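Grab a coffee and open your viewer. Below are a few exercises to work through, each with a solution you can check yourself against.

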Amino acid sequence: MNIHFSLAFEPSTSVGKYNYYFRNFAKLIPNSDHFCMDSQELQRLKNKYDIIGNDAALNRALEMAVTIAPTDLTVLVTGESGVGKENIPKIIHQNSLRKTGKYFAVNCGAIPEGTIDSELFGHEKGSFTGAIETRKGYFQEADGGTLFLDEIGELPLPSQAKLLRVLQSGEFIKVGSAKVEKTNVRVIAATNNDLLHAVSQGKFRKDLYYRLNTIEIRMPALRERKEDIYLFFRKFSSDFSEKYGMGKVTLTNDAIDLLIGYRWPGNIRQLKSVAESVTALESERLTPVSGRCEVDAATLAKYMPKEDEAQLPAVVSASKGDSLPDSDRDMFIKAILDLNKALIELRKEVDELKGKGTTVPASAPVLSPHRIEPDDAEWQGPGPVPSEKISKVVDIKPEEPEEPEEQKDLSLENLKVERILKALKKHGGNRKKAAEEVGISERTLYRDIKKYHLD
């Protein structure tokens with residue numbers, strides 16, 4: 001099942017200190033019957049956390065999370081990027097004695113190195129430029145609850161030493177303070193890196209690794225869950241078509257074979273992106289005659305990223321030639337959909353003007369009266385049918401001469417900057433929410449803010 005269980009401790013530490021673990025948690029050995037959950041319990045758990053799939057290794061990981069939840073053991077969740085590691089700490093917290101306490105998820109890779117200590121441990125007023133008031137860190141805020149540290153391998157070495165102290169004694173010191181404070185927090189960490197390799201390279205503390213890796217839960221990669229791949233595609237395509245009024249997408253047998261045979265280095269996150277792109281760009285608007293669009297292998301292949309065998313599964317290859325990065329592509333797809341909505345509204349205004357006998361300018365775009373009838377979500381059976389109908393936009397050709405390539409590039413840059421600024425303003429400068437609004441990662445948002453001098 002590739003589920004690794006260990007009661008790991010630093011070799012120099014007294015074994016007697018861990019007798020409690022061996023005495024009370026021997027039942028957690030993977031072959032133990034204590035791990036078993038009946039199918040109904042397992043399905044209820046998946047429904048609650050929106051988890052898709054029936055893979056045995058996935059089920060084992062979920063069972064293990066529920067079993068160790070009542071303990072206070074530190075857990076390390078491993079697996080490639082995009083496999084859904086964030087669900088495990090939520091399950092552990094909600095099934096633990098700390099479920100009434102606070103739960104925080106912190107992406108260590110998305111926080112600049114200069115501010116990570118302030119975010120985790122807090123700071124005193126005036127401790128650095130911009131520290132206009134005393135602030136609590138996540139360890140203080142999560143006292144009595146659970147703290148999920150994602151991408152723990154990205155934590156700087158100085159911060160690793162402070163984290164080790166918290167794990168050992170529950171003590172920490174705010175930035176700019178000399179006062180030792182206490183906290184009672186359960187830490188769950190996650191990584192897509194090989195921490196043992198990072199230890200050998202001097203990039204990760206060996207003693208911290210042993211503290212974090214008391215119990216390891218490994219989430220399987222998508223390519224190891226071949227029976228679940230088409231389930232994911234149907235779910236994502238169904239959700240996307242329902243959300244934006246697009247046609248339902250079905251795959252031919254050869255397209256399904258292509259989908260399942262692909263290696264999916266970006267795992268579930270990458271599959272979701274492909275499903276959304278296919279639905280947005282290939283599906284036809286629903287009509288009373290034909291309610292769905294069939295995609296064959298040749299069409300699907302246009303949206304499948306080219307594989308580079310020299311790269312590790314968890315590494316996202318850099319864009320080549322005229323291909324767009326995932327973040328830019330997602331933003332442009334969203335812009336296209338927004339444009340479609342605007343054109344639909346324009347059509348309504350044109351119809352109103354015609355109804356009033358007003359002459360419509362010849363330069364106005366021509367909109368087809370192509371109507372849709374939304375269908376049920378094929379991946380999960382019949383569902384409610386929305387009543388609204390959406391028109392299809394066809395063959396819109398502006399009369400103005402085509403922009404030079406340099407002007408196009410500038411327009412795209414301006415569009416990107418404008419969307420980022422609007423999102424930051426809308427969410428009061430909250431970069432996490434702004435990144436979600438634009439459809440990019442926090443890391444990409446930080447990079448764009450620096451690139452376009454948006455500070």
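The exercises go from the whole chain down to single helices. Keep in mind that this is a predicted model.

**Exercise 1. Get the overall numbers: how many helices and strands are there in the protein, and what share of its residues is buried?**

Solution. Start with the secondary structure: the protein has 17 helices and eleven strands. Next, go through the 455 residues and apply the cut-off for buried, under 20% relative accessible area. That gives 44% buried. Now turn to the surface: the accessible area is about 24,700 Å², and carbon and sulfur atoms account for 51% of it. Last, take the contacts between residues at least 6 apart in sequence; 73% of these link residues at least 24 apart.

**Exercise 2. Work out the strand order of the open sheet of five strands, and say which are its edge strands.**

Solution. Follow the pairings across the sheet and you read S2-S5-S8-S1-S9, with parallel pairing. A strand that pairs on one side only is an edge, and that picks out S2 (103-107) and S9 (215-218). Averaged over neighbouring strands and ignoring direction, the turn between them is 20°. Now zoom in on the S2 edge: S2 and S5 (residues 146-150) run parallel and are joined by five bridges. Within this pair, Tyr103 sits opposite Thr146 of S5.

**Exercise 3. Find out which residues of helix H11 (residues 253-261) are buried, and what they pack against.**

Solution. Apply the burial cut-off along H11, and Ala255, Ile256 and Leu259 come out buried. These three are on the same side of H11 because they span an arc of only 100° around the axis. Then look at the face turned away from that side: it carries Asn253, Asp257 and Gly261, which are exposed. Finally, list the packing partners of the buried residues. They are helices H10 (226-244), H12 (267-282) and H13 (297-301), together with strands S10 (248-251) and S11 (292-295).

**Exercise 4. Do the same for helix H16 (residues 431-438): which residues are buried, and what do you find at its start and just after it?**

Solution. The buried residues here are Ala434, Ala435 and Val438. Looking down the axis of H16, they fall within an arc of 100°, so they line one face of the helix. At the start of H16, check Asn430: one of its side-chain oxygens comes to within 3.1 Å of the backbone nitrogen of Lys432. At the other end, Gly439 follows H16 and has a positive phi, near 95°.

Definitions and conventions. Residues numbered from 1 in each chain as written. Predicted model: local features only at pLDDT ≥ 70, side-chain atom pairs only at ≥ 80, totals over all residues. Heavy atoms only, no water. Buried < 20%, exposed > 50% of the residue type's maximum accessible area, 1.4 Å probe, protein only. Helix = DSSP H or I, 4+ residues; strand = E, 2+ residues; numbered from the N terminus. Arc of directions from axis to C-beta. Contact = heavy atoms within 4.5 Å. Areas by Shrake-Rupley, 256 points an atom, 1.4 Å probe, with all protein chains shown as cover. Pairing = 2+ DSSP bridges. Axes fitted to C-alpha atoms, helices over the stretch in contact; angles between N-to-C directions. Polar contact = N/O pair within 3.5 Å; in protein donor to acceptor, adjacent residues only side chain to side chain.
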